[in-house]
Each structure stands twice: as structure tokens, then as C-alpha cells.
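Hello! Here are some notes to read alongside the structure, set out as numbered points. I hope they are handy when you look through the side chains yourself.

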Amino acid sequence: MKHIESMTHLIKEQGWMSLLLLLMLLLNSCKDSVSLDGFDNKGKLVVYCFPTAGDSTRMWVSTSVPVTRQGNHTIEPVNEAQISYNINGKPCPVEKKGKGIYLIKGTQRAGDKVSLHVSFGDYTPITAEVTLPQPVKVELKTLRTIGLYDNDYERTIDYDQLAATFSDNAGTHDFYAVRVCSKYVKGIIRAYKGTTEYDYSSYSLYLAEQQQWDSVSAERIASVYRYPKINAQSEPLLNPLTDIDDFFGFSGDWFDNLCLFDDSGISGKEYTLHLNVEADDNGPSGFQMEHDYSVELYRITPEFYRFINALNDTENNDLGSYGFSPVRPMVSNCQGGLGLVGALGMSSSNWLTKTIIINDPHIYEEK
């Protein structure tokens, strides 16, 4: 209903030009029937692997479903694939974990070249290679709360805005991904009366007791990490949605809340990202002692960037799901098959604390 009302309003405001544009979009999206008789009725190997710095890497191997096969079919994992995985030409041991998952043991560092060969039965083997990118340092400078107007809810919503600064490498076309890590520090209150100990996982329950304790302490017992959705309204590098995008049925969600951008326009410069996440101090259930933020910046390979971009475009193309707009095809750098071998170099910023929830002068914290 919102899009229909917006369409009517735009036509009234912009006249017949907007209506003509809409008709051109719909007509351009109509496709002739295509026969599938000439397609090969055979599946392909599918490999997903994302090397990064560390001492192990996971790989997922399955087979695709041919386009000519009728009915509903599930993706079949491959548990008996023959895998050759090399770091700078040196082979690494591969361990089968089941359900199509393989664990490769071998220390990888930024700048290392990874090559792989995967075969299974009479399927066409897959080959791929990738070089691990150098990570780019990121620093979280400031944290503040701002208000942004939401057109869908027709009200202003509070957001925590994180300003994160990094320096882009000059002379190369670099691709990045960024996300915000939100950490809630869970705790427990231990109150003593004589030799009897009372434990409270809820601060409100502790307050409700209203007793005169001999001693009280608050202890950190766990940290819960979340990756909240980023509102890109304040950051032009993340290509925030315009009114016309919203009008034509596009949404602004990111796969795994991982926001992509490249260095067009900022090459070789220092730049500060402004990342908005909805303010929420409630966090997970239990007693919350503290709420902290950090920013994770990934320098990723071009293939990885294009793959995640294609996922985002497919997910956000609401008109495409109804057949009114073309759906962007998925990209792959797996020769002989499907999937992706995408490498990344990650750096995490410092932590900034938003809220210290304990403010009772009778409670001290045990670090």
C-alpha cells in the first residue's frame, strides 16, 4: 500500500514522465519464452572457500541441480571429493568433516597465494586461485547518539553513530566490507549477609530485595556479541537508498550485515566512515553490565566483492521476485564449476563503551 500511494503521489508531482518511465521498466522486463531443450542435463561441482590469515580454512563442496531437472531438489553435499589445496605452492593436509565440509590445515598470511583443485566422480573438476589481501587498520574515533527520520514508520528513531577512520592504499583499486560488532557484557551480582551468598542475574531483582547487605559485588561472567544492521543514510560510500529506489521496490539490506564499498573517489586518502546502528541497550536476556562497540574492516578480493554484491542485489530486488525486473546473475571464479573462492584481510578497531549500566555506589566491580 505504501508503494502504491508513493506511486500515485509521484505521478501527480512529476506528471506523465514518471508514468512513462514505469511503463518502460515493465515492458523492458517482459521476456520471451526460452526453450531449455539445448541445456546440458548435468550438474556441476560447487565450491565455497574463504581463505584468510590463520592456521585453518573451511571449504564447502556440493553439486548443483541442473536447470532442466523437474520438481523440487535439494543441494547434495559431496563428502568424498579429492582436494588439492596449496599455499604458495606447498600442499596442505585436508580433513573431511562430513556434510560437504572440509578442514584445511595450514598457516596463511596476508600476501600468500592460495590455489586449489577439487574433483569428484565424472564431474568437471574445479580449479581456482586467490591472493590474500593485506588488512587495512581502522580506528574507532567517536560514538554518539543521533536521530534519523524513518519514512516507513513515519517517526524519528535513535541511532548510535560510529565514526571509524582508515587510510586507503594509493595506486590500487581496493574493495572493502565493513560491519559493526556490538558487545554486551553480562554479569552477576553476589550479595552476602553473614556467611550466606545470594546470586542475582537480574539487576531489578537485586533492587527489589531492598535488604541491608554486608557486602555486594558485581562480576563479569560472559560477553555476548552481535552484528547489528547498519543504516547507511549518513554514509555516501555505502550507497544509501534514494526515494526513487524505494519507489521502485528496492530495499537496503546487506548480506550478513556486511556492507560493501570500493575506494572510488577516496583512493590513497584517509577517510572516516559514519555508521549508524539502531540504539538498543537492552541486549540479550540477563544482567547487562556494559555495552561496547567495535568496527571490523575487511579488505576483500574483487570476486568476493562482486559475489556479495550480486547476493545483495538479488535479495533487495523486490520487483524481480515478482518477474517485473531482471535478477542479477551470480558471479564465480571457480573454473569448471560454480561457487566462489574469495579471500579477505580483516582488522578490528578499538572498543568504545556506550553504557556502563551499573551505577549503584554500593556495588563495586571485580575486573
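**Notes on the predicted model**

1. Let me begin with a charge on a ring: R179 lies over the face of Y227, and the distance from the ring centre is 3.6 Å. Please keep in mind that this is a predicted model. R179 also has a charged partner, since its side chain meets that of E296 in a salt bridge with an N to O distance of 3.0 Å. That pair links distant parts of the chain, with E296 in strand β18 (residues 288-300) and R179 in strand β12 (residues 175-193), 117 residues apart. Both E296 and R179 are buried.

2. There is another charge over a ring to look at. K183 lies over the face of W351, at 4.4 Å from the ring centre.

3. Now for the overall picture. The chain contains five helices and 22 strands. It has 367 residues, of which 40% count as buried. About 20800 Å² of the chain is exposed, and carbon and sulfur atoms supply 51% of that area. If you take the contacts between residues at least 6 apart in sequence, 72% of them join residues at least 24 apart.

4. How many salt bridges does a search of the whole structure find? The count is twelve. One that you may like to display is the bridge between the side chains of E129 and K113, at 3.7 Å from N to O. E129 belongs to strand β9 (residues 126-131) and K113 to strand β8 (residues 113-119), so this pair ties together parts that are 16 residues apart in sequence. K113 counts as partly exposed, because its relative accessibility is 41%.

5. Strand β18 comes up again with R220 and E290, which form a salt bridge whose closest N and O atoms are 2.7 Å apart. Here too the pair links distant parts of the chain: R220 is in strand β14 and E290 in strand β18, 70 residues apart. The two partners fall into separate burial classes. R220 has a relative accessible area of 32%, so it is partly exposed, while E290, with a relative accessible area of 11%, is buried.

6. Salt bridges can also join up into a group. R190, E197, D199 and E219 are linked in a network of this kind.

7. Which side chain of opposite charge is nearest to D150? It is R155, 7.2 Å away, and D150 has no salt bridge although it is buried. You will find D150 in strand β10 (residues 138-150). Leaving out residues up to four places away in sequence, D150 touches R155 and I157. This is a spot I would be glad to have your thoughts on.

8. On to the aromatic side chains, where the count comes to twelve aromatic pairs. F120 and Y123 make a stacked pair, with 5.9 Å centre to centre and 20° between the planes. F120 is partly exposed because its relative accessible area is 27%, and Y123 is likewise partly exposed, at 22% relative accessibility.

9. Y200 and W213 give an edge-to-face pair, because their planes stand at 65° with the ring centres 6.2 Å apart. This pair links distant parts of the chain: Y200 sits in strand β13 (residues 196-200), and W213 in the loop between α3 (203-209) and β14 (215-226), 13 residues apart. Y200 and W213 are both buried.

10. Rings can form a group as well. F166, Y176, F261 and Y271 are linked into a cluster by ring pairs.

11. Last, a word on the backbone. Most residues other than glycine have a negative phi. K99, which is not a glycine, has a positive phi of about 55°. K99 is placed in the loop between β6 (94-98) and β7 (101-108), and it is exposed, with a relative accessible area of 74%.

12. Q210 is another non-glycine residue with a positive phi, near 50°. Where is Q210 placed? It is in the loop between α3 and β14, the loop that also holds W213. Is Q210 buried or exposed? Its relative accessible area is 70%, so Q210 is exposed.

Note on methods
Residues numbered from 1 in each chain as written. Predicted model: local features only at pLDDT ≥ 70, side-chain atom pairs only at ≥ 80, totals over all residues. Heavy atoms only, no water. Phe/Tyr/Trp six-rings, centres within 6.5 Å; stacked < 30°, edge-to-face > 60°. Buried < 20%, exposed > 50% of the residue type's maximum accessible area, 1.4 Å probe, protein only. Helix = DSSP H or I, 4+ residues; strand = E, 2+ residues; numbered from the N terminus. Lys NZ or Arg CZ within 6 Å of the ring centre and 35° of its normal. Contact = heavy atoms within 4.5 Å. Areas by Shrake-Rupley, 256 points an atom, 1.4 Å probe, with all protein chains shown as cover. Lys, Arg positive; Asp, Glu negative; His and termini not counted. Salt bridge = Lys/Arg side-chain N within 4 Å of Asp/Glu carboxyl O.
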